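Q: Please take a close look at a single part of this structure and describe how that part is placed among its surroundings. A connected account, written for a bench biochemist, would be appreciated.

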Amino acid sequence: MHKEIVDFCDFLSPTSEEREVRTTAGEAVLDLFKYTWPKCKPKVFGTFRTGLYLPTSDIDVVIMESGIHNPATGLQALSRALLQRGIAKKIQVIAKARVPIVKFFEKKSGVSFDISFDAQNGPKAAEFIKDALAECPPLRPLCLILKVFLQQRELNEVYSGGIGSFALLTMIMAVLKIVNDVPYMAYLQSLYKCRASPEHNLGILLVNFFDFYGRKLKTTDVGVSCKGAGSFFKKSSKGFTNKGRPFLIAIEDPQAPDNAIGKNSFNYFQIKSAFAMAFTTLTNPKTILSLGQTEAFLSDYEEESFARGNGSVQSCGKRRKAFSKEKSTSKKKTEEIGESKSHEEGGSKKEKSGKKKCWRQNRGHANGFS
């Protein structure tokens, strides 16, 4: 499973063409902001800023110093400007969220955007995440695979009660520090190199994450912190208890200790159940022993189900074909990872199964994980 997670992240990493498409789309949108509010200072944050974005992820932008005193007024003005300039489609104003936003797709690229006004916490969180990823390379693969896991279940949007990227990253950092109970940096270094012991691999860490947040953490009373060596605390001691929703997870914001990350994830009961089910499935001996030599441990996705950016799978297919060719240079390594000959063929019509052992955005279920 460790190798599959590494394989997944290599496959999912954006190509130079995909980065260029997103950058061009971002420039077009930022130009619109500057045209509408000449003195504003738009800032890109979120997963595009940190490099943790999926092919279907939004680009998050906050418009600072626009002169708009009422966010709702700004959102409506922005919606009108987008329509007038004709650069956006499927515009949606979400004014009643904790942080009001406008969601839309840039027409040429199909890239989606989330726009807010004067919210300082987004850019600050992006810098924190970049520093954390630089200190701990394994955070990136764990975060990416869990983002896909939540996205498949439509539990990745904060405004709809899901877990956002910042909350997810702090959850991973907390479980690394608390559950493994070893000197943090020494542990992470040994984990990244995967030389210290069988426990220091991404597969074990993923299972530990599902176990901790799906079965062990009593979120009605206990919160967690990723600061320092990681710690537990009573939710009541910090005023993080929600009497109407006592099951909500409470993670101390490492940048603002008085703030509880996860307090808006009102679907956490469903999220917790999904984590618990994943743990049960991934540790079920019958499931493990039933896998064939060429079967992926985590999931199995269809070729057409992971459209990138503008809705085309062309860039995904090209990269996957090149990726498969690179993998095929070592037969032994290919056998270890469990790749079949069909993976080498890319999107070839000669393929009999019609399915690929690769990571795809899919609503279906395979091996109980996706």
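**Strand β2 and its surroundings**

A: In this predicted model, strand β2 spans residues 59–64 and is mostly covered, with 6 of its 6 residues buried. In a regular strand, side chains alternate between the two faces of the sheet. In β2, Ile59, Val61 and Ile63 point one way, Asp60, Val62 and Met64 point the other way, and all of them are buried.

The pairing of β2 may be taken next. Strand β1, residues 41–45, runs antiparallel to β2 and is joined to it by 5 bridges. Within this pairing, phenylalanine 45 stands opposite aspartate 60. Strand β5, residues 112–117, also pairs with β2 over 5 bridges, here in the parallel sense. In that pairing, isoleucine 63 of β2 stands opposite phenylalanine 117 of β5.

Aspartate 60, which is found in strand β2, deserves separate attention. What is the nearest side chain of opposite charge to aspartate 60? That side chain is lysine 103, at 6.9 Å. A salt bridge requires a side-chain nitrogen of Lys or Arg within 4 Å of a carboxyl oxygen of Asp or Glu, so aspartate 60 has no salt bridge, although the residue is buried. Leaving aside neighbours within four places in sequence, aspartate 60 is in contact with Lys43, Val44, Phe45, Gly46, Thr47 and Asp114. Phe45 thus appears both as a contact of aspartate 60 and as the residue standing opposite aspartate 60 in the strand pairing.

Beyond the end of the strand, glutamate 65 lies in the loop between β2 and α4, the latter covering residues 71–85. The phi of glutamate 65 is near 55°, a positive value in a residue other than glycine. Lysine 90, likewise not a glycine, has a positive phi of about 55°. Lysine 90 is placed in strand β3, residues 88–94. Its relative accessibility is 65%, so lysine 90 counts as exposed. The charged end of lysine 90 sits over the ring of phenylalanine 105, 5.6 Å from the ring centre. Another such arrangement involves lysine 238, whose charged end sits over the ring of phenylalanine 233 at 5.2 Å from its centre.

Aromatic rings also pair with one another: a search of the whole structure finds 14 aromatic pairs. The rings of phenylalanine 104 and phenylalanine 113 have centres 5.4 Å apart and planes at 10°, and the pair is therefore stacked. Both phenylalanine 104 and phenylalanine 113 are buried. Elsewhere, ring pairs link Phe149, Phe209, Phe210, Phe212, Tyr213, Phe232 and Phe275 into a cluster.

Other parts of the model complete the setting. An open sheet of 4 strands, with mixed pairing, has the order β7-β6-β8-β9. Its edge strands are β7 (231–234) and β9 (260–261), each of which pairs on one side only. Strand β8, residues 251–252, runs antiparallel to β9 and is joined to it by 2 bridges. There, isoleucine 251 stands opposite isoleucine 261 in β9.

Finally, glutamate 154 is located in the loop between α6 (139–152) and α7 (165–180). With 53% relative accessibility, glutamate 154 counts as exposed. Glutamate 154 and isoleucine 271 are 117 residues apart in sequence, and their C-alpha atoms are 9.9 Å apart in space.

Terms used:
Residues are numbered from 1 along each chain as its sequence is written. This is a predicted model: local features need pLDDT of at least 70, side-chain atom pairs count only at pLDDT 80 or more; totals for chains, interfaces and linings use all residues. Side-chain values use heavy atoms; hydrogens and water are left out. Buried means under 20% relative accessible area, exposed over 50%, partly exposed in between (1.4 Å probe, protein chains only). Two strands pair if DSSP finds at least two bridges between them. Lys and Arg count as positive and Asp and Glu as negative; His and the chain ends are not counted. Contact means heavy atoms within 4.5 Å. Rings of Phe, Tyr and Trp (its six-membered ring) pair if their centres lie within 6.5 Å; planes under 30 degrees apart count as stacked, over 60 as edge-to-face and the rest as tilted. A charge sits over a ring if NZ of Lys or CZ of Arg is within 6 Å of the ring centre and within 35 degrees of the ring normal.
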